[in-house]
Amino acid sequence: MTLSVAQIDRETDQLVGEWLTLTEVARRLNLSAGRAKQLIKDRKLIGVRRGGGEPQVPAAFIAADGDLVKGLAGTLTVLLDAGYDDVESLRWLFTPDDTLPGSPVDAIVAGRHTEVKRRAQALGF
């Protein structure tokens with residue numbers, strides 16, 4: 001089975017900033033490469049191709065303690081339910097929002113994932 005990942009556009013690539021290869025994600029999370037790929041398949045992470053090669057994941061999705069950022073997986077599920085594809089989800093997560101302040105991913109990293117999920121739920125209606 002092959003891993004299906006989206007191609008990313010330049011604007012979204014710049015919004016995200018720092019990226020990690022799937023190999024690096026696996027190392028930081030202390031997982032096998034296969035398990036890291038499974039996180040993408042399970043929608044716990046978003047992996048995209050940036051100019052070919054293996055999928056890459058935004059570095060912001062990995063917490064300093066070597067785990068996934070708390071609340072990220074639930075937010076990704078809500079965005080999928082709202083009809084967002086991977087690239088649209090990344091754009092929404094990384095676009096600055098003055099009412100948060102910062103971007104939704106900044107708020108998730110800061111522990112305000114409930115507020116971000118509430119806003120993401122509103123997108124589907």
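# A guided tour, helix by helix

Start with the whole chain in view: the protein has seven helices and four strands. Here helices are DSSP runs of type H or I with at least four residues, strands are E runs of at least two, and both are numbered from the N terminus. What you see is a predicted model, in which local features need pLDDT of at least 70 and side-chain atom pairs count only at pLDDT 80 or more, while totals for chains, interfaces and linings use all residues. Residues are numbered from 1 along each chain as its sequence is written, and side-chain values use heavy atoms, with hydrogens and water left out.

**The whole fold**

Colour the chain from its N terminus and follow the pattern β-α-β-α-α-β-β-α-α-α-α. Along its principal axes, the C-alpha trace spans about 35 × 30 × 25 Å. The radius of gyration (taken over C-alpha atoms) is compared with a globule rule of 2.2 Å times the number of residues to the power 0.38. For 125 residues a compact globule would come out near 14 Å, and the protein has 14 Å, which agrees.

Now colour by accessibility. Buried means under 20% relative accessible area, exposed means over 50%, and partly exposed lies in between (1.4 Å probe, protein chains only). By that count, 39% of the 125 residues are buried. Contact means heavy atoms within 4.5 Å. Among contacts between residues at least 6 apart in sequence, 62% join residues at least 24 apart.

**Stop 1: H2, H3 and the loop between them**

Select helix H2 (22-29) and helix H3 (33-41). Their axes come within 8 Å and cross at roughly 105 degrees. Axes are lines fitted to C-alpha atoms, for helices over the stretch in contact, and angles run from 0 to 180 degrees between N-to-C directions. Angles under 35 degrees count as roughly parallel, over 145 as roughly antiparallel, 65 to 115 as roughly perpendicular and the rest as oblique. H2 is therefore roughly perpendicular to H3. Show the side chains of Leu22, Ala26 and Leu29 on H2, then Ala33, Ala36, Lys37, Leu39 and Ile40 on H3, to see who makes the contact. These residues divide into seven nonpolar, no polar and one charged. For these classes, Ala, Val, Leu, Ile, Met, Phe, Trp, Tyr, Cys and Pro count as nonpolar, Asp, Glu, Lys and Arg as charged, and the others, Gly among them, as polar.

Next, pick Asn30 in the loop between H2 and H3. Most residues other than glycine have a negative phi, and most peptide bonds are trans. Asn30 has a positive phi of about 55 degrees, and at 70% relative accessibility it counts as exposed.

**Stop 2: Arg43**

Move on to the loop between H3 and strand E3 (48-49), where Arg43 lies. Its phi is also positive, near 65 degrees. Is Arg43 buried or exposed? At 16% relative accessibility, Arg43 counts as buried. Leaving aside neighbours within four places in sequence, Arg43 is in contact with Ala73, Leu76, Leu80, Asp86 and Ser89.

**Stop 3: H5 and the loop after it**

Asp86 and Ser89 bring you to H5, since both are among its buried residues, with Val87, Leu90, Trp92, Leu93 and Phe94. Seven of the nine residues of H5 are buried, so this helix is largely enclosed by the rest of the structure. Zoom in on the N-terminal end of H5: Asp85 caps it, with a side-chain oxygen 3.1 Å from the backbone nitrogen of Val87.

Then step into the loop between H5 (86-94) and H6 (104-109) and select Pro101. The peptide bond from Leu100 to Pro101 is cis, with omega near -20 degrees.

**Stop 4: H4 beside H7**

Finally, select helix H4 (residues 72-81) and helix H7 (residues 113-123), which pack at an angle of about 5 degrees with their axes 8 Å apart. The two are therefore roughly parallel to each other. Gly74, Thr75, Val78 and Leu79 in H4 meet His113, Val116, Lys117, Ala120, Gln121 and Leu123 in H7. By class, this contact has five nonpolar, four polar and one charged residues.

While you are on H7, look at Arg118. This residue is partly exposed, with a relative accessible area of 47%.

Conventions: A polar contact is a pair of N or O atoms within 3.5 Å; within protein, one must be able to donate a hydrogen and the other to accept it, and residues adjacent in sequence count only if both atoms are side-chain atoms.
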